Amino acid sequence: MYTQGLNEPSGKSQAQPVVEDAERLRRFQARIDAEEKIEPKDWMPDAYRQTLIRQISQHAHSEIVGMLPEGNWITRAPTLLRKSILIAKVQDEGGHGAYLYSAAETLGISRAEMIDQLLSGKAKYSSIFNYPTLSWADIGAIGWLVDGAAIMNQIPLCRCSYGPYARAMIRVCKEESFHQRQGYDVMLKLARGTRGQRFMAQDALNRWWWPSLMMFGPSDGASQHTALSVRWKIKRFTNDELRQKFVDFTVPQAQFLGLTMPDPELCWDAAENRHRFGEIDWREFQDVLKGNGPCNRERMAERRAAHEDGRWVREAAIAHAAKHAARAAA
Amino acid sequence: MSENRDWPLYEIFIRARGGLDHKHVGSVHAADARMAIEHARDLYTRRQEGISVWVVRSVDIVASDPAESDALFEPARDKVYRHPTFYDIPNEVETL
């Protein structure tokens with residue numbers, strides 16, 4: 001999902017294997033099995049800590065980079081109401097990033113380190129945000145499909161074994177439903193509009209459908225981290241399970257809009273009580289993850305510029321605070 | 001390594017409605033306490049989730065050690081007589 005890059009070797013935990021205390025590990029697993037939450041100061045295996053740091057920070061980076069494709073349309077939203085809604089949504093995404101960075105910080109990594117990892121290209125973020133938003137309909141498609149896929153992944157994360165992550169996800173999920181519904185509302189208006197508007201909606205669906213399915217990450221056979229993450233209850237469902245659920249939920253929604261999914265192999269399998277769908281282009285997925293998607297360079301350049309442009313503000317705020325603290329002390 | 005490059009961390013406590021306690025909701029980075037309140041407003045009350053905010057520097061919070069929680073909370077464990085349900089009162093006795 002927002003953490004597709006987890007399959008990359010992490011370096012840190014592999015370079016310094018920690019000899020874990022077997023008894024502590026056993027008690028830790030027993031707590032997880034009993035559905036107890038693990039809290040920041042509790043003992044945890046180093047691999048659990050590193051896995052969470054990577055997953056939560058990648059999730060946070062995805063929220064932050066995710067502001068860019070939609071921010072692109074704030075100045076061109078068709079009405080003042082749409083513009084207000086889009087600003088609120090993009091602000092929420094920034095907020096989600098902030099909740100998640102806070103949760104990751106409880107594991108002992110600093111905010112500055114995480115930002116460094118993002119800006120240096122070391123950390124990953126979701127492949128979906130490396131696709132361009134070419135028309136207003138893309139804003140509808142993102143809310144409906146991208147946020148819809150995100151909800152599918154995030155609802156089980158509300159029960160994640162790590163307390164601060166689970167609590168952040170509860171907050172995120174409460175807000176995410178607005179995102180999905182406003183997106184579907186945009187699609188609905190276009191689908192009921194002029195021929196040109198219907199065409200726009202279909203075109204956006206054509207471009208966002210497959211990348212949305214890729215958001216769930218590699219298929220189960222190719223995903224290296226699923227088993228351990230499931231045992232630790234960081235993950236409750238596999239990538240393919242969530243992807244299937246998303247397809248089953250979304251196909252009827254597209255039918256209601258009178259739009260066609262860009263997948264000739266998509267069909268209902270009555271015997272299995274689920275949709276069958278075509279094979280994802282995994283080469284494209286890997287390519288985008290590696291940095292060669294349509295917008296990877298643009299997104300990173302924008303993030304770096306925003307960080308640099310904000311430097312004087314961060315420094316001035318600290319100087320201002322120090323000056324006032326000194327005056328108060330005098 | 002880069003801890004000092006961040007603005008200080010503040011823990012945020014929000015009172016959702018009059019009559020309720022302030023409850024811990026998360027944390028923000030801010031240059032000073034006033035900015036922490038404004039950031040907390042933007043981050044945790046975008047949908048009217050609060051009417052009052054407390055901010056506390058995270059470094060000023062002293063917490064008990066989970067590894068010692070058995071010893072710390074042990075004294076309360078064998079004092080079941082502190083609970084009203086410990087006492088069997090005959091049914092005939094009313095308003096007790």
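Select B:Phe13 in this predicted model and look across to strand β2(B), where B:His24 stands opposite B:Phe13. Moving to B:Leu9, you will find B:His29 of β2(B) in the facing position. With strand β1 of chain B, residues 9-15, displayed alongside β2(B), the two can be seen to run antiparallel and to be joined by 7 bridges. Next, follow the chain through the turn of the hairpin that β1(B) and β2(B) form, in which 6 residues lie between the strands; within that turn, select B:Gly19, whose phi is positive at about 95°.

Now widen the selection to the sheet of chain B, an open arrangement of 3 strands in the order β2-β1-β3 with antiparallel pairing. The edges are occupied by β2 (22-29) and β3 (52-57) of chain B, each of which has a single partner strand, so one side of each is left without a neighbour in the sheet. If you view the strands one after another, the twist from one to the next averages 30°. Add helix α1 of chain B, residues 33-44, which packs on the sheet and touches β1, β2 and β3 of chain B; the direction of this helix makes about 110° with that of β2(B).

The next stop is the interface, where 22 residues of chain A are in contact with 24 residues of chain B. Between them, chain A and chain B bury about 1,800 Å², with 51% of that area on carbon and sulfur atoms. To see one of the charged pairings, select A:Glu175 and B:Arg46, which form a salt bridge whose closest N and O atoms are 2.9 Å apart; the count of salt bridges between chain A and chain B is 5. Across this interface there are also 13 residue pairs in polar contact, with both residues at pLDDT 80 or more.

Staying on the side of chain A that touches chain B, colour the helices α5 (80-105), α6 (111-119), α8 (163-191) and α14 (311-329) of chain A, each of which supplies at least two residues to that side. The largest share, 7 residues, comes from α5(A). Coloured by residue class, the side of chain A that touches chain B divides into 8 nonpolar, 4 polar and 10 charged residues.

For a last selection, go to helix α2 of chain A, residues 22-33, and display A:Glu23 and A:Arg26, which are 3 residues apart in this helix and therefore separated by about one helical turn. A:Arg26 forms a salt bridge with A:Glu23, and the closest N and O atoms are 2.9 Å apart. Over all chains, the structure holds 29 salt bridges.

Notes
Residues numbered from 1 in each chain as written. Chains lettered and ligands numbered in written order. Predicted model: local features only at pLDDT ≥ 70, side-chain atom pairs only at ≥ 80, totals over all residues. Heavy atoms only, no water. Contact = heavy atoms within 4.5 Å. Buried area = accessible area lost by both parts, 1.4 Å probe. Salt bridge = Lys/Arg side-chain N within 4 Å of Asp/Glu carboxyl O. Polar contact = N/O pair within 3.5 Å; in protein donor to acceptor, adjacent residues only side chain to side chain. Helix = DSSP H or I, 4+ residues; strand = E, 2+ residues; numbered from the N terminus. Nonpolar A, V, L, I, M, F, W, Y, C, P; charged D, E, K, R; others polar. Pairing = 2+ DSSP bridges. Axes fitted to C-alpha atoms, helices over the stretch in contact; angles between N-to-C directions.
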